Structures are given as C-alpha cells and as structure tokens.
Amino acid sequence: MSNIPETGRTPRVTIRLVAIQILVFSLLLTLGGRLWYLQIRNGEEYSAKAAGNHVQQVVKPAVRGSILDARGVPIADNETRLVVSASRTALMKMDDGGDAVLGRLAKVLDMPAKDVRQRVRLCNAETPKPCWNGSPYQPIPITDEATAQQALTIRERSEDFPGILAEPKAVRRYPSPYGADTSQVLGYLSPVTDEEIKEAENTDSPFLPSDQIGRSGLERSYNTALRGDAGVTEYEVDKLGRVMGQKLSEKAEPGSTLITSVDSRIQAVAERELLAAMKEARKQHDHNTGRNYEADAGAMVVMESKTGRVVAMASNPQYDPNAWVGGISADDYTRLTSKKSNYPLLNRAIQGQAAPGSIFKVVSSAAAVRAGYDWNGSYPCTSSYTVGNNTFKNYESQSHGSINLARALEVSCDTVFYRLSHQEWKKDGGIDPKKKTDDWFYRTAHDFGLGEETGIDLPNEVTGRVPDRQWKKNYWKANKDSWCKTAEKWPEKKSYQITLAREGCLEGFKLHAYDTINYSIGQGDTLVTPIQMATIYAAISNGGTLYDPTLGKAVVSPDGSQVEMIEPKAHGKLPLSKKTLKQMDDALEGVATRGTAAWRFTQVGWPQKKIPMHAKTGTAEVYGKQTTSWFATYTEDYTIVMTISQGGTGSGASGPAVRNVYDAIYGVQEDGSIDKKKALLPDPQKSLPEINEHGQIASGFSEEFEAREQKAAAKAEGDPTDDGGTE
C-alpha cells in the first residue's frame, strides 16, 4: 500500500462552498418568487399594459348634424373640402421646429408665411390670436380651401412636407340662403381644448382631440345633439409599428339634425331692412348734437305671439360665420373683436342693453292700475312736470289736456306717468322709505320678467336692469369709494361729473324722486334687451303668457327615425286681469290707428280691419349719446320689436323697416291690398317639414321670392358687403 496521504477538503473550503450554494439558492428563490409575482399574481395587469403599449387608435370624426330653418332649408351643414393640416408633434421634432417646412408650405398654398406659422402656434396667456386653442396632438388645419393641384403637390413631394397632411374632410358650411347670414343666431365652431377634454372624460359625452365644439349661438346650445359620436378603430401593432390585427372598431355616428323656427326668407328681409334703416338714419341730422345720427348698432326680433318661437333675429353689425371655418385669420379675428368694428360677435337681440324709452310705458300703465288708479280716470297731460328745482318736459313740450291711460299710451304722454310714479314714490315714504313699501312701478317690471333672463335657448343672454331700491344700494356699495374720492375736489371744482360724484358719495343709496320719474318712461338707469320687450309684447298679444323664446323646434336623429319636439314653455303670466289686458290691447291698437305710429300703418295703406295692428313707439334719451330708437308691434300672429342705437325716433328710424317686414309676412301691397300668394308666412302654426329615411328634409324654395330678393338686393343702396358697423 501507498503511503501517499488522501486529498481532502479542509473545513474552510467546505464553509465557502456551502455559502456559495446558499447564495445561489437564495438568488434562484428570489428570481422564482419575482417571476411568480409578475406572471401569476399580477399577470393580468401587466398583460393588459403590454397589450396597451401595442395598440394604436385611429379616430374618424363624426359628421356634425345640420341646422335647418322652419322650411327645411339648411342654414348650417357640411361640405367636403381639401384640408391641409400640420402635425405639430412632428414639426417640433425637427431641428428648426418645422420652420422650413412651413415656409415651403406657405409658397405652395400661396399664403403669407407669417399666417401659416401663426396658425400652428399654441394659444396661451402670452400668445395673441390667431393661434391654435385645440389639442396639440391632433392635426392643426392650415386651410380648408386647398386646390386639387396644391394637395397633389404636397402628397407627391411628401419628403419636402413631413408632418403635413392634405386630404378631403367634411367641413362646416354656412350657406346663407337668400342672403340671410343668421350669424349671431348660429354661432361658430372651434377646436376642443385639452382642458375641456379632461373635464368631460368622465361624462356620458367625452370629447376627442379631433372634436370641434360650438362656441356661441345654436352651435353651442345644441352642441351635444349636433356633434355626434366619433368612430374609433384600435389596431394591434408590433414594436416596429406593423399591424398585427384589429382589436376594436366603432363606427362614427353622425350628429342629429336641428330644425329651428327661423324662416330664412323673413330672416333675410329682417337683416336687409335693419341695415337699410341704419344707413338711412345716418343720413338724418340730429338737432340735439348738431351732427348726423351714428346708428352704430341695431337689432330686430320677429316672434310668434302665441308660442314664443323666434321667426327671425337680426343683429347689426353682423359677420360671416364662415370666417371661422378652417381657422380664422388674424385680420378677421381683429375685425370681429375690435371696438372699431363695434364687436360684431355680440348678438344685440339678447345682449344689447339700452333704455327702452316709451315702449316701457305698458309696464308703467300696468303698475298704475295695480296701484289702484282707474284706467279710464282723468289725468293731466301737461307740457312739463316740476319737482323742486327740476323740470321734466313732455316730448316736444306737447300738452293734451286731461286724458285717460289709454290715450296716454296713444300719444305717449310722459307727464301722466311722471305724476303717477311720483305720487307712488311719496306714498312709499319718498327718499326715506317706510319699512314695507309697495313699489308698484318696480315690482310690476319684475313681474313682467324684466331684470331676468327670458330663458331663450341661446347662450350668454343678459338680464337688463330694473333700478329699484335694492339695486340702488348695491350700486352705491360698489361705487361709493370711487365717488367719494372724486368728490374730494368739491368745492374747488364744481363740474357736472364732480357734482354727480358728490351726490353719489353722500346719498347714492337712496331712491330719489327724479330716479322714479325718469324710470316711469323707461329712462334713467333702466336697461332692457330687445328679446325681453318682444316677450312682453307677445304676452300682451296672446292674453298674458310670458313664453320662453325658442329657436330650436325639433331634434331629429341621424336616420330620421326619432323626432324630439321642443315644445313652447312659459315662465310666467302678466300680472293683469283680462279686463286690463283688453284695455291695454285696445290702447296699443289706437297707437297704430290714431297715435304716434299711425303714420307708419293705417295712414299709409295698412289693412287694419283684416290684420289689426298694435304698436308702441319709443325714443330713449341717454346721457352722452344720441337717442335710441325703439318700435314694438304685434298682430294676432306675430310680434316684432326693433331698436337702433343712436338712431333717432322710434317710428321715424325703425318704423319703415318693421312695416316692410310685416308686408313681406302677410303679402301686403302698396295700396293696402293683400296678395296671399306673396305672403311668406301664411300659417304661423307651421308643422315640421317632411323627413325621409336618411334624415334629409325637402326644402321647397320659393322661386318667386328668390327672384324678388335678388332684385331687391340689386337695388339696395351702398356697398352690399357693408355690415352696418362703424369700421
């Protein structure tokens, strides 16, 4: 046997091997546990995330629903255009931010490079319009008026135009039938913002980055029904972007159709007559100021008396709503939002506030009756009325002796209402009122719906103002510091403004006698809108119901299978008995037959026996401005209220336009006869147009009317593109 010693492991080596084995086993155990956690415990979660990372969405925008007039004529619809748009995400990845690409694009499109670059910049507090206020991750439209050659050039030279798309798309169109822009009524669209997308993500109607939404008018009020639901297709793709399969496909659902109560023919007449009246007013000399009337703005409302449905709503200055389609230019945006243009985006029918003048006297007459004065009582109509050192004159200082309230409306006697309102003010305690006052003249205005929204289905309606005791207190609290600071100059400098400031500082919270006296004839601090006064006069016509004015008449589903009617709704009743309403109705007929409006109607061939006309004129004096013209009228079927800011007298400036609209509605000829074939609205209670299985509505244009409108437009004075603004 050999004596060579056996090779063995030392204890030290053995310990090391065991330690390594334990370490390896621990690592394997940790790895196995982690794999179990990822694959089994949270396997579904990570599978979903992995799938999501390889899913791409393709959005197909929904076709927006059309807006039709009462006869089925489109006043807002869609047309296919070649749209050139830019991917801002792709442009920002370029070294120069896409500047060179946009420069080449401007040359192809024959557009100023500055305009192209402005359209793709994002809106923020520092960036002026025009800019892109939609999502930065969706294509930004540069133009929707590209020619086929321009689109072909962009697509053939795609290497020169990375991030630029040129493709046909459905684009909003405002066709202006018969020349009726209907701009402030329709409103306009603009892209949805990221903030709006986030706010709506948990609602029943979330927004997609490609959405366009209504910003004003009917486009905004009925946006949910009109915009439809976009189609979304989800594709499974690999890491190279290759499509592996289709995961989800939802078809785009077009928006519903909105049928309105607007008649485009009457709308065209109203817009044309309003513009013509403003132009004519500018030719007339204002003896008070020594210059011609400015006639800087105006509005007209034509309403169904028995339903509150709006047949026409004209506002001037107006604009072309197509200016917003495809992105608005810098020049257009400046014009539409500038003081120089007198803010054409404003709808003067619901947002124009002015003192109503004498058309307010129906409120004061009702207040007098509620306060206990006899309608047929005898009230002195003197040439003036004096309180303290203040003398308040009747219009042109006329005197009519002792008359009743009906005659006071007919001849528009100011001093009758001065006395009645002053007497009530004194009964309530005068400048130091009792704890509980009747305030009949102010309470009645509120009960007539003034100082509140009418509820019309258009956004941004204003409330006007009833300057009662509470308003005086609130107004004083808001302005007293400024008044008192200005009043510190007293008595060194006693200008008119400083005198007013001192009075406001000391007792601006008190309702003075002169406040109530001016208020009684619709002046002073009183403010109303044309739609408010149209609602009131329509209520007098229909027996006392104050309807919410409406333009929407029905919403029709895309396939025409479902029709949701928009029924008239009332928000109140006039606070008058049937007897008093009848007496007021008779008095307003007297205004049209023998009063201040007779020279616009019965004295020039109006068929009063067949179509009884009722009217009230108004000429409101406003400090620092020329007089505001008002004309409020109604028949059994229709109510028309018109106003012209700084336009002169009621019947003088607005009367001819209102008369011409009535002539068109009823077919009244120059000799006072009625030609029913030429009447545009023979039946005020029109049914809905016929709807086919595709949701389309036959229009049935009147060739005779269209020819007559073209002839009238050709004879119109001045530039036919003049929008009546001050630009």
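Start by selecting Glu219 and Arg64: they form a salt bridge, with their closest N and O atoms 2.9 Å apart. A salt bridge here is a side-chain nitrogen of Lys or Arg within 4 Å of a carboxyl oxygen of Asp or Glu. The two residues come from distant parts of the chain, 155 residues apart: Glu219 is in helix H9 (residues 217-221), and Arg64 is in the loop between strand E1 (55-60) and strand E2 (67-68). The element names follow DSSP runs numbered from the N terminus, with helices (H or I) of at least four residues and strands (E) of at least two.

Before you move on, a word about the model. This is a predicted model, in which local features need pLDDT of at least 70 and side-chain atom pairs count only at pLDDT 80 or more, while totals for chains, interfaces and linings use all residues. Residues are numbered from 1 along each chain as its sequence is written, and side-chain values use heavy atoms, with hydrogens and water left out.

Are Glu219 and Arg64 buried or exposed? Glu219 has 0% relative accessibility and counts as buried, and Arg64 is buried too, at 8%. Buried means under 20% relative accessible area, exposed means over 50%, and partly exposed lies in between (1.4 Å probe, protein chains only). Now add Arg172 to your selection: Arg64, Arg172 and Glu219 are linked in a network of salt bridges.

**More charged pairs**

Next, show Arg173 and Asp77, whose side chains meet in a salt bridge at 2.7 Å, N to O. Arg173 lies in strand E5 and Asp77 in strand E3 (residues 74-86), so this pair ties together parts that are 96 residues apart in sequence. Arg173 is partly exposed at 26% relative accessibility, whereas Asp77 is buried at 9%.

For a pair within one helix, go to H23 (residues 650-666), where Asp663 and Arg659 sit four residues apart, about one turn of the helix. Their salt bridge has its closest N and O atoms 2.9 Å apart. Asp663 is buried at 17% relative accessibility, and Arg659 is buried at 8%. How many salt bridges are there by this rule? The count comes to 23.

**Patches on the surface**

Switch to a surface view and pick Asp229, Glu250, Glu253 and Asp559, which gather in a patch of negative charge. Patches are built from residues with over 30% relative accessible area and no salt bridge; like charges are joined within 9 Å, and nonpolar side chains (Val, Leu, Ile, Met, Phe, Trp, Tyr) within 5 Å. Lys and Arg count as positive and Asp and Glu as negative, leaving out His and the chain ends. Each charge is placed at NZ of Lys, CZ of Arg, CG of Asp or CD of Glu. Within this patch, Glu250 belongs to strand E9 (residues 243-250) and is partly exposed, with a relative accessible area of 44%.

Then select Ile20, Val24 and Leu28, a nonpolar surface patch with about 290 Å² of accessible area together. Accessible areas come from the Shrake-Rupley method with a 1.4 Å probe, and for residues only the protein chains shown count as cover. Val24 is in helix H1 (residues 11-41) and counts as partly exposed at 42% relative accessibility.

**An enclosed helix**

Now select residues 530-542, helix H21. Eleven of the 13 residues of H21 are buried, so this helix is largely enclosed by the rest of the structure. Among the buried residues are Pro530, Met533, Tyr537 and Ile540. The expected span of a helix is 1.5 Å times one less than its number of residues; for H21 this gives 18 Å, and the end C-alpha atoms are 18 Å apart, in agreement. Just after H21, Gly543 takes a positive phi of about 105°.

**Backbone stops in the loops**

Which residues are joined by a cis peptide bond? Zoom in on Asn316 and Pro317, where omega is about 5°. Pro317 is in the loop between strand E14 (310-316) and helix H12 (330-337).

Continue to Ser176, which has a positive phi of about 50° although it is not a glycine. Ser176 lies in the loop between strand E5 (164-173) and helix H7 (183-186), and it is buried at 17% relative accessibility.

Finish at Asn460, another non-glycine residue with a positive phi, about 65°. Asn460 is in the loop between helix H17 (440-447) and helix H18 (469-487), and it is partly exposed, with a relative accessible area of 44%.
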